[in-house]
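Trainee: Please take one part of this chain and go through it closely, with the cut-offs stated.

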Amino acid sequence: MHELRFKPRFAMTMDVKISTPLEGDRVLVTKNISDSGMFLVGDSHLLPELGAIVDGEIQELIETVPIPKMKVVRVEPQGVAVEFIASS
């Protein structure tokens, strides 16, 4: 498969709460992160579908930290790749 990544990925594990209007909140775990997105892992029933726009926040700091809106760009059995998108 042709590599589509433009930014280097860094292994990082942290809890990220994601939210969608229809499915509500759930917590997934990062596998890696870059300037343009991240890969989130979790139980298959917790994963958003391809194309979903999700809000997120990092959970493991002193305060929760919001992160940019994200779009699901790839779905795999163990997780999803999300791309950060600009807020409008």
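Mentor: What follows goes from the whole chain to one residue and then to the nonpolar core.

This is a predicted model, in which local features need pLDDT of at least 70 and side-chain atom pairs count only at pLDDT 80 or more, while totals for chains, interfaces and linings use all residues. Residues are numbered from 1 along each chain as its sequence is written, and side-chain values use heavy atoms, with hydrogens and water left out.

The chain has 0 helices and 7 strands (DSSP runs numbered from the N terminus: helices are H or I with at least four residues, strands E with at least two). Buried residues (under 20% relative accessible area, 1.4 Å probe, protein chains only) make up 32% of its 88 residues.

T30 lies in strand β3 and is buried, with a relative accessible area of 2%. Its side chain reaches the backbone oxygen of M12 at 2.7 Å, and a polar atom of that side chain lies 2.9 Å from the backbone nitrogen of M14. Leaving out residues up to four places away in sequence, T30 touches M12, T13, M14, V16, M38, F39 and L40 (contact means heavy atoms within 4.5 Å).

The largest nonpolar core (buried Ala, Val, Leu, Ile, Met, Phe, Trp, Tyr and Cys residues joined through side-chain atoms within 4.5 Å) has 16 residues, of which V16, I18, M38, L40, M70 and V82 touch the most other members. β6 (65-76) is one of the strands that each supply at least two residues of this core, and β6 gives the most, with 3 residues. Setting aside neighbours within four places in sequence, the contacts of I18 include L28, L40, V54 and M70.

How values were computed:
Buried < 20%, exposed > 50% of the residue type's maximum accessible area, 1.4 Å probe, protein only. Polar contact = N/O pair within 3.5 Å; in protein donor to acceptor, adjacent residues only side chain to side chain.
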